[in-house]
Amino acid sequence: LVRLRARLSRSQSVFGKGLLSVLSRDHLDEDAWEEIEDSLISADVGVEATQALVERLRERVRVLGTRTVAEVRQQLAEELTAALEPGMDRSLRTAPHDGRPAVVLVVGVNGAGKTTTCGKVARVLIADGRTVLLGAADTFRAAAAEQLATWGERVGAETVRGPEGGDPASVAFDAVKRGIDTGIDTVLIDTAGRLQNKVGLMDELGKVKRVVEKHGPVDETLLILDATTGQNGLEQARVFTDVVDVTGVVLTKLDGTAKGGIVIAVQNKLGIPVKLVGLGEGPDDLAPFEPAAFVEALLG
Ligand code: GDP
């Protein structure tokens with residue numbers, strides 16, 4: 001939490017500050033409520049989610065006759081936490097079962113942080129005593145497979161690659177097969193994300209999924225979203241949720257200029273749990289997503 005707070009404090013405790021100035025007034029008039037709304041929207045919470053949140057907060061403040069800054073802050077914290085659906089299952093299904101490795105598909109647009117996240121997740125699993133194999137199913141960019149293999153070396157995981165320009169589904173198939181044959185615990189498959197060609201991308205991802213499923217079901221499909229792309233990133237996310245059953249979101253680059261409210265918008269718009277957050281480019285810059293701790297960090 002301390003680390004998360006430090007990372008977020010640079011840019012994201014925007015509501016913290018905005019809110020305090022509003023709350024130091026004698027009473028919450030219309031202008032004050034508008035300011036609260038504005039600060040939530042500018043923190044990337046999204047218009048719909050903000051309106052729903054502020055409406056509930058207003059109702060609580062009215063019913064409970066809230067007076068103090070601390071109380072309103074507490075109530076906002078509770079509403080934000082509720083908006084993040086704290087009851088959702090955020091565990092990662094990475095344990096081997098039925099005598100075969102768990103298979104994790106990693107999807108998202110280019111540059112979102114797929115390869116980096118594969119490396120970081122592998123690192124966490126290996127530190128936990130698991131064996132991991134990486135599948136470089138982004139065969140369109142030679143650099144992508146290279147970068148994944150570098151992560152593999154760094155964290156101690158074998159990388160299965162195909163020829164450049166080869167069939168991504170066949171690399172994914174081979175990676176899972178190799179994982180089964182060598183008794184690996186978890187196979188992480190890095191995919192391509194060329195959004196310029198939506199139809200091609202959908203066909204390709206659908207095929208990767210189907211081919212991998214010849215070995216058994218995919219256990220986890222992680223959608224990697226770059227938090228700095230804000231609401232636009234959410235629109236792009238739909239393309240992926242339409243093609244593959246996304247089971248969890250990883251929100252990357254929350255260490256930079258991203259506004260943390262995007263997590264609430266993701267939860268609200270996609271209804272898929274945010275499972276992990278990326279907090280930097282290094283191997284250890286990955287954290288499980290914890291709604292209550294996150295809201296605390298966000299409010300500063
Ligand atoms: P991919 O195209 O989706 O595989 O994206 P990459 O994994 O290659 O990442 C794109 C860039 O974003 C790289 O320069 C990464 O180092 C950087 N990156 C990925 N995750 C994070 C993160 O959580 N924080 C920051 N600051 N940079 C990140």
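**Figure 1. Arginine 100, a buried residue in a loop of this predicted model.** With a relative accessibility of 10%, arginine 100 counts as buried, because anything under 20% falls in that class. You'll find arginine 100 in the loop that runs between helix H5 (69–83) and strand E1 (102–107). What does arginine 100 touch, once its neighbours within four places in sequence are set aside? The list is Ile180, His215, Gly216, Pro217 and Asp219. Look closely at proline 217: its backbone oxygen is reached by the side chain of arginine 100 at 2.6 Å. For a sense of scale, try valine 63, which is 37 residues away from arginine 100 in sequence. From C-alpha to C-alpha, arginine 100 and valine 63 are 55 Å apart.

**Figure 2. Proline 86, in the loop between H5 and E1.** Buried, partly exposed or exposed: which word fits proline 86? Its relative accessibility is 49%, so proline 86 counts as partly exposed. The cut-off matters here, because a residue has to be over 50% to be called exposed. Not counting residues up to four places away in sequence, proline 86 touches Thr81 and Pro291. Leucine 205 is 119 residues from proline 86 along the chain, and 30 Å separates their C-alpha atoms.

**Figure 3. Glutamate 220 and threonine 221, two residues of strand E5.** Strand E5 covers residues 220–226. Start with glutamate 220, which has a relative accessibility of 0% and therefore counts as buried. Leaving out residues up to four places away in sequence, glutamate 220 touches a whole list of residues, including Ser91, Leu92, Arg93 and Lys275. Val103, Val104 and Leu105 are also among the residues that glutamate 220 touches. Now go to threonine 221: at 3% relative accessibility, threonine 221 counts as buried too. Beyond its neighbours within four places in sequence, threonine 221 is in contact with Leu105 and Val107, and also with Val244, Asp245, Val246, Thr247 and Gly248. Can you spot the overlap? Leu105, Thr247 and Gly248 turn up in the contacts of glutamate 220 and in those of threonine 221.

**Figure 4. The ligand in the largest pocket.** Which residues come nearest to the ligand? Of the 18 residues around the ligand, they are Gly111, Lys114, Thr115, Thr116 and Glu281. Helix H6 (residues 114–127) gives the most to this shell, with four residues. Next, zoom in on the oxygen atoms of the ligand. One ligand oxygen lies 2.7 Å from a backbone N or O atom of glycine 111. At glycine 113, a polar backbone atom is 2.9 Å from an oxygen atom of the ligand. Lysine 120 brings in its side chain, where an N or O atom is 3.4 Å from a ligand oxygen. How much of the ligand does the protein bury? On its own the ligand exposes 580 Å², and the protein buries 81% of that.

**Figure 5. Helix H11, a mostly covered helix.** H11 spans residues 262–270, and seven of its nine residues are buried. Which ones are they? Follow the helix along and you'll meet Ile262, Val263, Ile264, Ala265, Val266 and Gln267, and then Leu270. Just after H11 comes glycine 271, where the backbone takes a positive phi of about 65°.

Key
Residues numbered from 1 in each chain as written. Predicted model: local features only at pLDDT ≥ 70, side-chain atom pairs only at ≥ 80, totals over all residues. Heavy atoms only, no water. Buried < 20%, exposed > 50% of the residue type's maximum accessible area, 1.4 Å probe, protein only. Contact = heavy atoms within 4.5 Å. Polar contact = N/O pair within 3.5 Å; in protein donor to acceptor, adjacent residues only side chain to side chain. Near = heavy atom within 4 Å. Areas by Shrake-Rupley, 256 points an atom, 1.4 Å probe, with all protein chains shown as cover. 1 Å grid on protein atoms, 1.4 Å probe; cavity = no way out; pocket = protein on both sides within 12 Å on 5 of 7 lines; lining within 4 Å. Sits in = over half its atoms within 2 Å of the grid points.
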